[in-house]
Amino acid sequence: MIVSNASLSCARCLGVATTEANGGVSGSLPAPSLSPTGHLVVAVCLGCIGTLGFLSNFLVLALFCRYRVLRTPMNLLLVSISVSDLLVSVLGTPFSFAASTQGRWLIGRAGCVWYGFINSCLELRSFWMWIFQPLERCKLKESNDVTEG
């Protein structure tokens, strides 16, 4: 059975902030809560995202390692994105999934901080790789135009 909690945020972890008599963090708005069905829907979505993310990114890496013809600088940027997304699927999504199945954050304040840090770093890395990819394509196109013209 899924038991709903008031919040999955770090502020609700033990020993983080003083709380008011009604259980809320002082100076903050009341945290929205999901119903048990809402937590179940989120858990199913996170389970699908984590599984598909792991399998598809693992497939990209396996194909890149298997076929030498795929080892180009442009594909290396795609592999870099795939590694970041695979690590998010392995290091981040399981904690969110577990928290959603239980209706509360399970790994304490330190785990919450680590979860936020690792997901932020990996997603920023993916973001920058998505920026560098079109820049690399423009550079490649310009070098081809110069050699042809």
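**Exercise 1. Ser82**

Task: in this predicted model, determine which helix holds Ser82, whether Ser82 is buried or exposed, and what its side chain contacts.

Solution:
1. Ser82 lies in helix 2, which spans residues 73-91.
2. The relative accessibility of Ser82 is 3%. Buried means under 20%, so Ser82 is buried.
3. Leaving aside residues up to four places away in sequence, Ser82 touches Asn57, Val60 and Leu61.
4. With Asn57 there is also a polar contact, side chain to side chain, at 3.1 Å.

**Exercise 2. Phe54 and Phe58**

Task: classify the aromatic pair formed by Phe54 and Phe58, and state where the two residues lie in helix 1.

Solution:
1. Two quantities describe a pair of aromatic rings: the distance of the centres and the angle of the planes.
2. For Phe54 and Phe58 the centres are 5.9 Å apart and the planes make an angle of 15°.
3. Planes under 30 degrees apart count as stacked, so this pair is stacked.
4. Both residues belong to helix 1 (residues 36-66) and are 4 residues apart, about one helical turn.
5. An α-helix has 3.6 residues a turn, so residues three or four places apart point the same way.
6. Phe54 is partly exposed at 34% relative accessible area, and Phe58 is partly exposed at 48%.
7. The whole structure holds 5 aromatic pairs. Elsewhere, Phe127, Trp128 and Phe132 make up one aromatic cluster.

**Exercise 3. Arg66 and Tyr67**

Task: find where the charged end of Arg66 sits.

Solution: the charged end of Arg66 is placed over the ring of Tyr67, at 5.2 Å from the ring centre.

**Exercise 4. Helix 3**

Task: list the buried residues of helix 3 and explain why they line one face of the helix.

Solution:
1. Helix 3 covers residues 93-102, and its buried residues are Thr93, Ser96, Ala99 and Ser100.
2. Viewed down the helix axis, these buried residues fall within an arc of 130°, so they line one face of helix 3.
3. Just after the helix comes Gly103, with a positive phi of about 80°.

**Exercise 5. Cysteines**

Task: state how many disulfides a search of the whole structure finds, and why Cys48 has no bond to Cys45.

Solution:
1. The search of the whole structure finds 0 disulfides.
2. The closest cysteine sulfur to that of Cys48 belongs to Cys45, 6.7 Å away.
3. A disulfide needs the sulfur atoms within 2.5 Å, so this distance is too far for a bond.
4. Cys48 is partly exposed, with 42% relative accessible area. Cys138 is also partly exposed, at 46%.

Methods. Residues numbered from 1 in each chain as written. Predicted model: local features only at pLDDT ≥ 70, side-chain atom pairs only at ≥ 80, totals over all residues. Heavy atoms only, no water. Buried < 20%, exposed > 50% of the residue type's maximum accessible area, 1.4 Å probe, protein only. Arc of directions from axis to C-beta. Phe/Tyr/Trp six-rings, centres within 6.5 Å; stacked < 30°, edge-to-face > 60°. Lys NZ or Arg CZ within 6 Å of the ring centre and 35° of its normal. Polar contact = N/O pair within 3.5 Å; in protein donor to acceptor, adjacent residues only side chain to side chain. Contact = heavy atoms within 4.5 Å.
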